[in-house]
Amino acid sequence: MLITKEQLEKKLSVAEFPAYIDSLFKQVHGMDGGIEAIRLRKELVKNLVEEALPVACFVARKYGNNPNVFIQMCVGNQNYDAVVDDQRKDPDVVKYLEVTLTTVVSASDGYEDYLLRYHLHKYGYSGTGSVKNRGSKSRGMDVELERNGVSQIEVLDHERETVKAAISRKIKRRSHYPENTALVISFNDTYAFDRLDNQKNLIKVLGEYSSELNENNFEIVAIVGINKGLYLERRNNIEI
């Protein structure tokens with residue numbers, strides 16, 4: 001086992017949590033089979049990459065290095081991925097964190113995203129373009145990627161749709177999320193998301209879903225970039 005439940009669920013202050021999760025990632029990356037586990041999201045490494053890393057990005061931007069706010073990841077089937085224990089004199093309303101991912105938009109709901117990661121692991125490169133697979137995980141896979149350039153308009157359209165899909169997966173479940181939950185949208189900000197038009201494009205999507213997000217007890221929704229530190233937050237229909 002590359003990582004344990006106990007390691008993932010260690011309760012730490014936000015001053016310690018991001019560095020701790022980064023150290024776990026580097027530890028797994030350096031182990032035999034670690035790179036494959038990261039790329040193909042195997043076992044609890046999936047929780048590390050898809051939940052703990054986005055949470056680390058979120059708390060680093062939202063709380064800074066405050067030693068009086070504590071985070072604990074929760075591995076299981078509960079309707080949240082982490083608990084926030086805010087012990088400041090004037091605590092924030094957020095008590096729970098739920099993570100959702102932006103993936104390649106397709107009818108298979110993330111399978112294309114898996115194929116791109118599989119192609120990266122097998123051939124050493126990935127990118128944008130159509131991806132096809134001959135075979136299956138059990139019988140063996142032969143993944144082909146047809147890479148092509150994209151325009152800024154296509155990038156905006158694609159990223160808008162990925163964020164919509166990420167939000168829809170949560171609000172359509174109609175699960176009972178606890179009150180005072182923050183929805184953390186893990187986002188691939190590899191492209192130039194320091195551009196104002198890219199950021200406005202994403203903020204607009206959050207506004208379009210504000211009513212549904214409030215109905216599902218999401219006090220805050222935040223888009224966090226896992227590569228370049230993008231952070232866009234919306235609370236009660238107010239952009240921050």
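In this predicted model, Asp85 has a relative accessibility of 24% and therefore counts as partly exposed. The residue belongs to strand S3. When residues up to four places away in sequence are set aside, Asp85 touches Lys11, Asn68, Val69 and Phe70. With Lys11 the contact includes a polar one between the two side chains, at 3.0 Å. A further side-chain polar contact, at 2.9 Å, joins Asp85 to Gln87. Lys95 stands ten residues from Asp85 in sequence, and the C-alpha atoms of the two are 6.7 Å apart.

**Overall organisation**

The protein is built from eight helices and ten strands. Of its 240 residues, 45% are buried. Among contacts with a sequence separation of 6 or more, 63% are between residues 24 or more positions apart. No disulfide is present, the count being zero. Two cysteines may be described by their accessibility: Cys57 is partly exposed at 26%, whereas Cys74 is buried at 14%.

**Helix H2 and its buried side**

Helix H2 spans residues 17-29, a run of 13 residues. From its first C-alpha to its last it reaches 18 Å, close to the 18 Å expected at 1.5 Å a residue. Its buried residues are Phe17, Tyr20, Ile21, Leu24 and Val28. These residues lie on the same side of H2, because they cover an arc of only 95° around the axis. Ala19 and Lys26, on the other side of the helix, are exposed. The partners against which the buried residues of H2 pack are both helical and extended: helices H1 (5-8), H3 (34-40) and H4 (45-63), together with strands S1 (12-13) and S2 (69-73).

**Glu233 in strand S9**

Glu233 is located in strand S9, which covers residues 231-235. With a relative accessibility of 4%, this glutamate is buried. Its side chain makes a polar contact of 3.4 Å with the side chain of Lys62. A second polar contact, of 2.4 Å, connects the side chains of Glu233 and Tyr231.

The side-chain polar contacts of Asp85 and Glu233 are set out below.

| Residue | Partner | Distance |
|---|---|---|
| Asp85 | Lys11 | 3.0 Å |
| Asp85 | Gln87 | 2.9 Å |
| Glu233 | Lys62 | 3.4 Å |
| Glu233 | Tyr231 | 2.4 Å |

**Aromatic pairs**

Tyr231 also takes part in an aromatic cluster, in which ring pairs link it with Phe58 and Tyr63. The structure has four aromatic pairs. One of them is formed by Tyr80 and Tyr96, a tilted pair with 4.7 Å between the ring centres and 45° between the planes. Tyr80 lies in the loop between S2 and strand S3 (82-86) and Tyr96 in strand S4 (residues 96-101), so the pair ties together parts that are 16 residues apart in sequence. Both rings belong to partly exposed residues: Tyr80 has a relative accessible area of 22%, and Tyr96 one of 24%.

Tyr177 and Phe218 make another tilted pair, with the centres 4.7 Å apart and the planes at 40°. Tyr177 is in the loop between helix H6 (152-171) and strand S7 (181-187), while Phe218 is in strand S8 (residues 218-225). The pair thus links distant parts of the chain, 41 residues apart. Here the two residues are buried, Tyr177 at 0% relative accessibility and Phe218 at 2%.

**Ile171 in helix H6**

Helix H6 also contains Ile171. Its relative accessibility is 8%, and the residue is therefore buried, since the limit for that class is under 20%. Apart from residues up to four places away in sequence, Ile171 touches Tyr209, Glu212, Leu213 and Asn216. Asn216 is separated from Ile171 by 45 residues in sequence, yet their C-alpha atoms are 6.6 Å apart in space.

Key:
Residues are numbered from 1 along each chain as its sequence is written. This is a predicted model: local features need pLDDT of at least 70, side-chain atom pairs count only at pLDDT 80 or more; totals for chains, interfaces and linings use all residues. Side-chain values use heavy atoms; hydrogens and water are left out. A disulfide is a pair of cysteine sulfur atoms within 2.5 Å. Buried means under 20% relative accessible area, exposed over 50%, partly exposed in between (1.4 Å probe, protein chains only). Helices (H or I, at least four residues) and strands (E, at least two) are DSSP runs, numbered from the N terminus. The expected span of a helix is 1.5 Å times one less than its number of residues. The arc is that of the directions from the helix axis to the C-beta atoms. Contact means heavy atoms within 4.5 Å. A polar contact is a pair of N or O atoms within 3.5 Å; within protein, one must be able to donate a hydrogen and the other to accept it, and residues adjacent in sequence count only if both atoms are side-chain atoms. Rings of Phe, Tyr and Trp (its six-membered ring) pair if their centres lie within 6.5 Å; planes under 30 degrees apart count as stacked, over 60 as edge-to-face and the rest as tilted.
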